[in-house]
Amino acid sequence: MLLASLHGLLSVLTPETLEALILGILWGYLVSFMPGVGGIVAMALLLPFIFGMSFPTAMALLIGAHTATIFGSSITSILLNVPGAAKSVVLCWDGYPMTLRGEAVRALSASATAALVGGIIGVLFLTGALPLLNIVMNAVSSPEIFALAIWGLTIIAIFSEGSILKGLIAAGIGLMLSFVGEDPVTGVPRYTFGSLFLQTGIQFPVAAIGLFAVSQMIKLFLRSRGGAGARERLVQEDHSTIWQGIRDVFVHWRTELQMALFGVLAGIVPGLGAPVAAVGAYGQAMQTSRHPERFGHGAVEGVIAPEATDAASEGAGMLPLIALGIPAHEQQALLLSAFVILGVAPGPGMLTHHLPLVFSLIWIILLGYIIVCLLGIVAAPRLAKIATLPSTILIPAVLTIAVVGSFSVEGIAYDVAVAMCFGIVGYFMDLYQYSRADLVIGFVLGPIIESTYHVSVSLYGDLFFVRRPITLAIVCLTLATLAWAILRARRQPSEEIAEGVAAP
Amino acid sequence: MRPTRRGDNAMAFLLLALTLGYFALGWTYDPLTRALPELVSGITAGLLIVYLLVTNLGKAGLAGVGRQQMAWRQDEAGQGAETKGVPVPVVLTALALPIAYLLLFLFLGIIPAVFLFVSTYLWKFGKARWYVALTAGALSSFAVYALFLTLLKYPLYTGIFRSP
């Protein structure tokens with residue numbers, strides 16, 4: 001195992017591979033700011049260049065671009081409340097409030113450091129536990145993934161800002177929106193009203209652009225235009241430092257370690273998906289925190305937890321891809337096609353006869369994260385200035401990016417209309433405290449929930465969640481958490497109303 | 001514009017109507033196709049009904065609902081910390097911005113839309129001088145053009161009348 005790891009490392013530490021890695025990272029950073037033009041576009045455009053390259057060099061180019069776009073989507077989530085990828089939605093909940101508080105630099109450097117440390121921990125753990133992880137990989141299947149997705153959705157709805165009921169309602173609406181389009185099982189078009197455009201469903205980047213970017217700009221316009229205390233800028237100035245963010249990760253080392261390990265376990269489960277892992281990590285961090293009430297209001301642990309999980313799960317996510325040929329997300333699907341181009345066939349034999357190749361991938365991911373995160377830490381003070389731009393510049397700039405970004409998802413003009421409509425819907429949702437984040441999480445998890453539900457029912461019957469012990473345990477955990485949250489909430493309003501009456 | 005109890009009720013009723021419509025439409029599909037959508041929309045409709053009952057009839061409810069009720073009671077008694085919201089014409093202008101951009105995009109295409117929106121916004125709301133606004137508009141549309149040329153894989157959208 002150690003020898004294979006060393007061989008893998010040596011194959012990566014060549015001038016061509018390192019050069020390809022840095023080029024990929026710079027390319028990924030360049031495209032990462034464009035919502036709708038994310039990792040998949042960045043990687044797809046690099047695909048023609050890998051012909052003739054060696055396996056480590058080609059992978060370095062693609063994975064470098066992918067890693068940079070992951071962090072790039074974190075940047076837009078934290079600074080502008082615009083998630084560039086589904087897994088980055090969670091970062092908006094605490095990263096953006098930190099920006100509004102003038103702590104964008106701290107949030108960005110905490111995010112980069114958490115990703116760096118999480119990536120390192122994840123790789124180390126993965127290397128040591130490789131033989132055992134096969135057992136975990138085989139123990140988890142569709143019923144468990146279904147239960148985990150429901151758990152993640154419920155946890156986030158419960159602990160989101162405002163009413164629990166509204167959080168659950170928003171999540172339900174998100175799920176309902178995800179069912180628009182072709183049924184993944186029967187292929188029957190649902191809720192399309194005969195429209196060809198809706199046959200492929202509503203695209204996540206388009207909905208996210210509208211719900212977050214466009215509605216944020218509507219809010220910013222209103223803040224800058226009307227009422228007392230109108231503010232021209234999102235943030236007047238940032239008074240935090242890089243070192244605060246770096247220190248935060250080591251102060252919350254337990255959260256970092258737990259979430260990195262959680263990320264490894266989440267990454268090796270085929271089909272679980274990064275959004276579920278990120279949401280689960282956030283919920284878990286909130287539940288185990290000494291101050292759960294801070295989450296959603298700029299708690300730095302809310303930034304550290306999902307970043308550590310994401311970073312750790314990237315390396316671990318290579319296992320099901322290589323061993324089973326199952327991609328966890330579209331970027332991995334592209335990597336799979338790159339494998340084919342380079343003459344590498346994924347399968348169980350990879351973990352036994354081609355371990356150096358597996359380790360070369362893991363080392364590339366680790367080195368990629370180190371470079372991306374160090375660049376992110378260094379650039380944090382400059383990046384934070386984006387949030388201090390005056391609204392007269394920010395509003396037309398972000399709306400332009402929203403129009404271009406939503407059009408570039410599929411090249412269809414209707415997507416721009418959908419994004420703008422979602423923008424108006426997002427404004428009213430925010431006004432009446434229906435969590436947009438819960439809606440987006442429901443939207444993202446909907447296809448996973450539906451496909452695993454159908455597979456589970458066909459394999460184990462309608463009561464599949466009772467027949468599988470792990471699934472039953474997760475379902476019980478979900479119900480227990482829901483009951484606890486309701487009981488806690490029933491006590492709170494009485495106390496607050498009593499305080500409100502007593503106050504002068 | 002600030003949230004009021006009446007507005008909140010209107011929003012909840014609208015969502016309930018849409019959810020029930022979704023449920024009714026789903027009933028036209030075969031059982032396997034409609035299984036999960038019906039389940040989810042049914043639960044969501046139930047939650048909306050519970051929310052409406054709790055906020056309008058109950059004294060205390062789930063977290064956030066209670067706090068909201070308290071805020072509405074204070075507002076209705078004129079004791080709210082902020083009783084003035086943004087004027088309605090300003091709200092309508094804010095909501096019209098994305099619609100205007102969309103219409104420009106659909107009818108004129110992406111490059112003219114970017115130029116017109118950016119320069120008009122800077123001139124009208126940013127109080128920029130006309131030549132500064134026009135320059136910014138031109139630079140923005142050039143940047144978008146360069147983006148399509150080098151990075152994006154789709155042809156430029158040229159508007160309803162000129163697109164094939």
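Visitor: What makes Met43(A), Leu46(A), Leu47(A), Ile50(A), Leu335(A) and Ala338(A) contacts of Leu62(A)?

Guide: In this predicted model, a contact requires heavy atoms within 4.5 Å, and, leaving aside neighbours within four places in sequence, Leu62(A) is in contact with Met43(A), Leu46(A), Leu47(A), Ile50(A), Leu335(A) and Ala338(A).

Visitor: Which residues touch the most other members of the largest nonpolar core?

Guide: Leu62(A) is one of them, together with Met59(A), Phe339(A), Tyr434(A) and Phe105(B), in a core of 200 residues. The largest share of this core comes from helix 17 of chain A, residues 355–384, which supplies 17 residues.

Visitor: Why is the pair Lys166(A) and Asp8(B) called a salt bridge?

Guide: The rule asks for a side-chain nitrogen of Lys or Arg within 4 Å of a carboxyl oxygen of Asp or Glu. The closest N and O atoms of Lys166(A) and Asp8(B) are 2.8 Å apart, and the pair therefore qualifies as a salt bridge. Lys166(A) belongs to helix 8 of chain A (residues 164–178) and Asp8(B) to helix 1 of chain B (residues 5–26), so this salt bridge joins two chains.

Visitor: How do you know whether Lys166(A) and Asp8(B) are buried or exposed?

Guide: Buried means under 20% relative accessible area. Lys166(A) has 0% relative accessibility and so counts as buried, and Asp8(B), also with a relative accessible area of 0%, is buried as well.

Visitor: What makes Arg190(A) and Asp183(A) a salt bridge, and are the two residues buried or exposed?

Guide: Their closest N and O atoms are 3.7 Å apart, which falls within the 4 Å limit, and the pair is therefore counted. Arg190(A), at 1% relative accessibility, is buried, and Asp183(A) is likewise buried, with a relative accessible area of 2%.

Visitor: Why is Asp430(A) called partly exposed, whereas Arg436(A) counts as buried?

Guide: The side chains of these two residues meet in a salt bridge of 3.5 Å, N to O. Partly exposed lies between the 20% and 50% limits, so Asp430(A), with a relative accessible area of 26%, is placed there. Arg436(A), at 9% relative accessibility, is under 20% and therefore counts as buried.

Visitor: How many salt bridges are there over all chains, and which residues are linked in a network?

Guide: By this rule the count over all chains is 9, and Arg101(A), Glu103(A), Arg106(A) and Asp248(A) are linked in a network of salt bridges.

Definitions and conventions. Residues are numbered from 1 along each chain as its sequence is written. Chains are lettered from A and ligands numbered from 1 in the order in which they are written. This is a predicted model: local features need pLDDT of at least 70, side-chain atom pairs count only at pLDDT 80 or more; totals for chains, interfaces and linings use all residues. Side-chain values use heavy atoms; hydrogens and water are left out. A nonpolar core is a set of buried Ala, Val, Leu, Ile, Met, Phe, Trp, Tyr and Cys residues joined through side-chain atoms within 4.5 Å. Buried means under 20% relative accessible area, exposed over 50%, partly exposed in between (1.4 Å probe, protein chains only). Helices (H or I, at least four residues) and strands (E, at least two) are DSSP runs, numbered from the N terminus.
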